[in-house]
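Biologist: Hi, could you walk me through this protein model? I'm new to this, so please keep it simple.

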Amino acid sequence: MRKASAWVIPAIIIVIALVLVYFLQVDHGEDVIYSSKTTGHRGTSLLADTLRHMGYTVRPSYNPLTRYTNSNNVYIIIQPRNPAVTATMADEMLEWVHSGGRLVFLCRNFPRTVIDVALDSSPRYAGDFLHYRHGAGEILTGSASFVTNYNLMNNHIHGHVIQTTFDLRNTTVFFGEYYHGFHTQETFIGQLPLVVQLLLAQMIIFSFVIIWHLGKRFGNPVGFYDEVEREENEYVRALARLYMASDRKRRRKKKSKR
């Protein structure tokens with residue numbers, strides 16, 4: 001039985017780890033088009049993965065882009081629809097750009113995106129994109145179809161333009177998943193890399209297994225028994241019995257001598 005339990009526990013941990021890997025790596029398939037989580041033809045995961053493999057810090061963003069967002073980062077918003085970006089939201093994004101932010105805004109109705117309409121400055125062409133200078137920041141607008149997985153597989157030039165137009169070093173590139181309906185707030189664990197999340201999950205599972213195993217190896221719990229309470233005069237009675245026994249012994253000796 002002991003030999004069997006020696007491999008059962010590691011096997012359980014491995015199975016749970018594989019299940020966690022499956023659920024952590026599962027993507028949205030074709031459910032959400034233009035999302036960096038979607039690996040199908042109409043997704044944009046290829047752009048996110050390519051930038052990540054090039055050494056840049058790339059993360060999904062589950063919060064809206066506002067004037068209070070860190071202006072040191074780069075935001076890529078592709079065909080926002082849940083919610084759609086209104087003129088009011090666009091003005092707030094432009095305030096963020098004016099303070100130093102860098103925005104890539106791609107829509108199917110290019111070149112008349114809500115950002116292009118809100119800007120009053122003249123752009124320059126960066127390949128098929130429009131490049132604006134706005135305050136201390138920059139904006140790149142273009143068609144959402146430029147960066148779909150299918151088109152980037154056939155022509156990588158649009159991804160190259162995004163990578164070379166902005167200096168992506170020492171910054172974080174956020175993909176605006178908030179605008180695809182993913183409104184869950186980010187947590188500290190959610191921001192960790194997949195490998196770190198998996199190791200953390202394994203450590204937690206292993207700790208529970210060890211505690212459970214150590215708790216069973218000593219057998220069933222032993223019942224608690226109350227100690228018999230001593231009487232107050234117990235010492236006096238014991239001493240008296242001792243004296244009486246000693247006195248009887250002394251008398252027997254005297255009788256025997258006679």
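**A walk through the sheet**

Modeller: Let's start with β2, which is mostly covered: five of its five residues are buried. Buried means under 20% relative accessible area, exposed is over 50%, and partly exposed lies in between (1.4 Å probe, protein chains only). Strands (E, at least two residues) and helices (H or I, at least four) are DSSP runs, numbered from the N terminus. Bear in mind that this is a predicted model, where local features need pLDDT of at least 70, side-chain atom pairs count only at pLDDT 80 or more, and totals for chains, interfaces and linings use all residues. Residues are numbered from 1 along each chain as its sequence is written, and side-chain values use heavy atoms, leaving out hydrogens and water.

Biologist: Which residues of β2 point the other way from Val74, Ile76 and Ile78?

Modeller: Val74, Ile76 and Ile78 point one way from the strand, and all the residues on both sides are buried. Pointing the other way are Tyr75 and Ile77.

Biologist: Which residue in β3 stands opposite Ile76?

Modeller: β2 and β3 run parallel, joined by five bridges. Two strands count as paired if DSSP finds at least two bridges between them. Opposite Ile76 in β3 is Val104.

Biologist: What is the order of the strands in the open sheet?

Modeller: Seven strands make it up, with mixed pairing. The edges, pairing on one side only, are β1 (57–61) and β4. Read across, the order is β1-β7-β2-β3-β6-β5-β4.

Biologist: Which residue of β6 stands opposite Leu106?

Modeller: Six bridges join β3 to β6, and these strands run parallel. Facing Leu106 from β6 is Gly142.

Biologist: What angle does the direction of α6 make with that of β5?

Modeller: Helix α6 packs on the sheet and touches β3, β4, β5 and β6; contact means heavy atoms within 4.5 Å. Axes are lines fitted to C-alpha atoms, for helices over the stretch in contact, and angles run from 0 to 180 degrees between N-to-C directions. Here the angle is about 15°.

Biologist: Why does Ile204 count as partly exposed?

Modeller: Ile204 sits in helix α7 (residues 194–216). Ile204 counts as partly exposed because its relative accessibility is 43%.
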